[in-house]
Amino acid sequence: MSFLAIDIGNTRLKWAVYADGAEPGSAPLQHGAVFLENIDRLADEDWQGLAPPTRMLGSNVAGDAVRRRVEEQMEHWDLNARWVVPAAEAAGVRNGYDHPTRLGADRWVAVIGAHAHARKRGFDGPVLTVMIGTAVTVDALSGDGQFLGGLILPGHGIMLRALEGGTAGLRVPTGEVRDFPTNTSDALTTGGTFAITGAIERMQRLLTQREGREPLLLMTGGAGWKVAPALDAPHELIEGLIFDGLLAMDAHRA
Ligand SMILES: Nc1ncnc2c1ncn2[C@@H]1O[C@H](COP(=O)(O)OP(=O)(O)O)[C@@H](O)[C@H]1O
Ligand SMILES: CC(C)(COP(=O)(O)O)[C@@H](O)C(=O)NCCC(=O)O
Ligand SMILES: [K+]
């Protein structure tokens, strides 16, 4: 008996298999990541030889066509494909979005994962969930479990491509994060990084003011490690935050 968790973003599909009874924070038995252009080879490659999972739950923000292609890769297993649709409430979190179903499934699941982490360590204050993927999202959860809302901004890659495409003189290699950049490469890299860390720190201040208490700041996503060193606010990198949310949701449904 095992549980397959899938997180399809706009760049990569991430998957993890857990033993029955796993909880948020548990280590997966196996896990992997593939770029979306390679998802049609999952059954023949990454998942070849995997013990057939007995349950699955996925988060997908890459559209219906991608979801169908992934479902095809799972066809040889006797598995009921289940995908998260953000609702008004799930796993102890209430959804404050104007139209709950329009919230990105990955954001909803990550906030639920972050809530589970906070509760597990006995923390009942607010939580700020930061995801650094293709896009960057910064999502606020109140101490009493209400998702208050959050920001979407371009990830580093999108920012740089937008600048390259919209200017004549910004085609340069990746630079370093510097306090006062003195060349174009460093200016671009620092600009992108400070845009992201600045947005995070602004939301942290807003949430602290609203709740009267410093939030727990949990960060995840493929490029989280790049942003973490430049972030002044105390934070924790949790690679599998979306998987932890999927585990929490699966446990609540059972
Ligand atoms: N080894 C890596 N493989 C892929 N992406 C990476 C890697 N290291 C950093 N990244 C960054 O992480 C981003 C993808 O992160 P991910 O969380 O998978 O995004 P998404 O959920 O949007 O698909 C890429 O835009 C890239 O900038
Ligand atoms: C904001 C996102 C594009 C992030 O995608 P990602 O970077 O994880 O690929 C995704 O969560 C999404 O499509 N959201 C729907 C719109 C919303 O959340 O309001
Ligand atoms: K993501």
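## Exercises on a predicted model

In this predicted model, Asn10 lies in the loop between β1 and β2 (12–19).

**Exercise 1.** Determine whether Asn10 and Asp7 are buried, partly exposed or exposed.

*Solution.* Begin with the cut-offs, by which a residue is buried if 20 or more other C-beta atoms lie within 10 Å of its own, and exposed if 12 or fewer do. Asn10 has 16 C-beta neighbours inside 10 Å and therefore counts as partly exposed. Asp7, which is found in strand β1 (residues 2–8), has 28 other C-beta atoms within 10 Å and is therefore buried.

**Exercise 2.** Find which residues Asn10 and Asp7 contact, leaving aside those up to four places away in sequence, and relate them to the annotated binding site.

*Solution.* Asn10 touches Val61, Ala62 and Thr134, while Asp7 is in contact with Lys14, Ser59, Asp106, Ile242 and Phe243. Next, consult the unreviewed UniProt entry, whose "binding site" annotation includes Asp7, Asn10, Lys14 and Thr134. Finally, consider the annotated positions together: although they are spread over 128 residues of sequence, they cluster in space, with a largest C-alpha distance of 13.3 Å.

**Exercise 3.** Check the length of helix α4 (residues 184–211) against its expected span, and identify what its buried residues pack against.

*Solution.* At 1.5 Å a residue, the 28 residues of α4 should span 40 Å, and because the end C-alpha atoms are 40 Å apart, the two values agree. Then take the buried residues of α4, among them Leu188, Ile196 and Leu207; the buried residues of this helix pack against β7 (127–132), β8 (135–141), β9, α3 (156–166), β10 (216–220) and α5 (224–227).

How values were computed: Residues numbered from 1 in each chain as written. Chains lettered and ligands numbered in written order. Predicted model: local features only at pLDDT ≥ 70, side-chain atom pairs only at ≥ 80, totals over all residues. Helix = DSSP H or I, 4+ residues; strand = E, 2+ residues; numbered from the N terminus. Expected span 1.5 Å × (residues − 1). Contact = placed C-beta atoms within 7 Å. UniProt positions renumbered as here; feature names shortened; annotations may be inferred.
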